[in-house]
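Reader: I should like a close look at one part of this model, namely its sulfur bridging and the helices linked with it. Please set out the reasoning step by step and then proceed to the remaining backbone details.

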Amino acid sequence: MSDTNFDIIIIGGGPGGYVAAIRAAQLGMKTAVVEREHLGGICLNWGCIPTKALLRSAEVFRNMKHAEAYGLSAEGIGFDLSKVVARSRAVAGQLQAGVKHLLKKNKVTVFDGHGALAGRGRVAVGGTTLSAKHIILATGARARALPGLEPDGKLVWTYKEAMVPDALPKRLLVVGSGAIGIEFASFYNALGADVTVVEVMDRVLPVEDDEISAFARKSFEKQGMKILTSATVKSLAKTANEVKVTVEAFGKTQEITVDRVILAVGIVGNVEKLGLENTKVLVERTHVVVNQWLETGEPGVYAIGDLAGPPWLAHKASHEGVVCVEKIAGVNDVHPINVRNIPGCTYCHPQVASVGLSEAKAKEQGFQVKVGRFPFIGNGKAIALGETDGMVKTVFDAKTGELLGAHMVGAEVTELIQGYMVAKTLETTEVDLMHAIFPHPTLSEMMHEAVLSAYGQAIHF
């Protein structure tokens, strides 16, 4: 049947899959998407977007509590958790409808159901077999569960349960201090929960620059969070309404009793039931191995996004989808992804954002570096906003002036980081950044000052 034959089929409709589908359609390919659950994937429905809606509610609530500092007054401040959650779900629902509209607008055919490879150039969806020369696997990932720490949906949560609580836990323990763990810790802490974070590494946000990580930890602790690093959860003992958690750190154990536990200890690729068994697709540690063009070992089969390996970021998945499709279509100026130019953002309070190499990584790789720093307290806009807790850090190659990395912690840094990302993509040097004129008064001026600082020319610090 003509409606089952396509140029390209994408299994998975998340930020990698739906973007790849739209780009394929733009390039004239007859395109299909197979999605078993919800268009937009985990990111749109249970990750990036709804968590930001929750964090925005927490931010507004936090600001309301400090109204007096701005010359304002507010009485009877409180929140309705059910309405906070409802707003978050409504935001996700609105965007899911938007994705559905975009696919329809671009004449992408959507098949509801579980898709799996069914031989060379074929995909089975329920009782239907689709065919295409090119098949992209974009099935994403799910939360990792550790032995003895399995989530039960009631007392021990994954991100899904943490996003739709029916009541605010008074005591909460978060296992893992990466972006997901710290964002939930920040949300619940802002609403008044007693939050403890347990991290197996020696610092929170372990993928970030050491200095930024240390700054963030001090800020979290100032807000009342308890942070336990170089620590592991040895066991969970559940009663009807609480969990006794045994934590070991530096050879000593302690017992912490909480109402709920959130597990945020990484992800596992969704490689099951994809029909990979009789193919040349290689799977390592639950993720599909691909080359720079996202090709697997099986001709005509590709993989993108979380399924294809780190970094686990929606924007990386989307960009991979575009690169993969454009390479298939023979677009002349397509380039493989440079992972050094992929920014990372954590939407806690204060926010954290970075791109490129940390100072330590740059030195490990043999670079002689020049490092610049600028504090929020030295910026007029930050002072006017009442957001003086933060810093911007830059790392340059001392020999060439190449911007190796940029690292930020503070208000709205997740919006600022794109400036450094563009600079890195354009292979901008310190001279270019020094000559750029930044608007005043803005938070972005700190980006300029942090560059000047690396070369001993900072004006306001």
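Author: A disulfide is taken here to be a pair of cysteine sulfur atoms within 2.5 Å. The model is a predicted one, and a search through the whole of it returns one such link. The partners are Cys-43 and Cys-48, whose sulfur atoms are 2.3 Å apart. The torsion about their S-S bond is -130°, which makes the link left-handed. The two ends do not share one environment: Cys-43 is buried at 15% relative accessible area, whereas Cys-48 is partly exposed at 29%. The assignment follows from the cut-off for burial, because buried means under 20% relative accessible area.

Two further cysteines deserve comment. Cys-324 takes part in no disulfide, and the nearest cysteine sulfur, that of Cys-43, is 19 Å away. Its relative accessibility is 1%, so Cys-324 counts as buried. Cys-348 likewise belongs to no disulfide; for this residue the nearest cysteine sulfur is that of Cys-345, at 11 Å. With a relative accessible area of 4%, Cys-348 is buried.

From the bridge the description passes to helix H3, which comprises residues 48-65. The general convention is that two packed helices are described by the angle between their axes and the distance between the axes. For H3 and helix H6 (residues 179-190), the axes come within 9 Å and cross at roughly 35°. The crossing of H3 past H6 is left-handed. On the H3 side, the residues in contact are Thr-51, Lys-52, Leu-54, Leu-55, Ala-58, Phe-61, Arg-62 and Lys-65. On the H6 side they are Glu-183, Phe-184, Ser-186, Phe-187 and Ala-190. The spacing of such positions can be read against helix geometry: an α-helix has 3.6 residues a turn, so residues three or four places apart point the same way.

H6 itself may be examined in two respects. The first is its length: at 1.5 Å a residue its twelve residues should span 16 Å, and the end C-alpha atoms are indeed 16 Å apart, in agreement. The second is its burial. Ten of the twelve residues are buried, so H6 is largely enclosed by the rest of the structure. Among these buried residues are Glu-183, Phe-184, Ser-186, Phe-187 and Ala-190, which are also listed above as meeting H3. After the helix comes Gly-192, whose phi is positive, near 110°.

The unpaired Cys-324 leads to helix H8, where it is one of the buried residues. Others there include Ala-317, Gly-321, Val-323, Val-325 and Ile-328, together with the charged Lys-316, Glu-320 and Glu-326. The cover over the buried residues of H8 includes strand S1 (5-11), helix H1 (17-26), strand S6 (128-137) and strand S19 (301-303). H8 holds 16 residues (314-329), for which 1.5 Å a residue predicts a span of 22 Å; the end C-alpha atoms are 23 Å apart, which agrees. Just after H8, Gly-330 has a positive phi of about 80°.

The remaining backbone details are best read against a general expectation: most residues other than glycine have a negative phi, and most peptide bonds are trans. Next to the unpaired Cys-348 in numbering is His-349, which is joined to Pro-350 by a cis peptide bond with omega of about 0°. Pro-350 is in the loop between strand S20 (344-346) and strand S21 (351-356). A cis bond also runs from His-440 to Pro-441, with omega near -5°; Pro-441 lies in the loop between helix H12 (430-435) and helix H13 (445-454).

Positive phi values also occur at residues that are not glycine. Lys-273 has a phi of about 55° and is found in the loop between strand S16 (267-269) and strand S17 (283-284). It is exposed, with a relative accessible area of 66%. Arg-285, with a phi of about 50°, lies in the loop between S17 and strand S18 (287-288). Arg-285 is exposed too, at 79%.

Definitions and conventions: Residues are numbered from 1 along each chain as its sequence is written. This is a predicted model: local features need pLDDT of at least 70, side-chain atom pairs count only at pLDDT 80 or more; totals for chains, interfaces and linings use all residues. Side-chain values use heavy atoms; hydrogens and water are left out. Buried means under 20% relative accessible area, exposed over 50%, partly exposed in between (1.4 Å probe, protein chains only). Helices (H or I, at least four residues) and strands (E, at least two) are DSSP runs, numbered from the N terminus. The expected span of a helix is 1.5 Å times one less than its number of residues. Contact means heavy atoms within 4.5 Å. Axes are lines fitted to C-alpha atoms, for helices over the stretch in contact, and angles run from 0 to 180 degrees between N-to-C directions. A crossing is left-handed if the near helix is turned anticlockwise from the far one by less than a right angle, and right-handed if clockwise.
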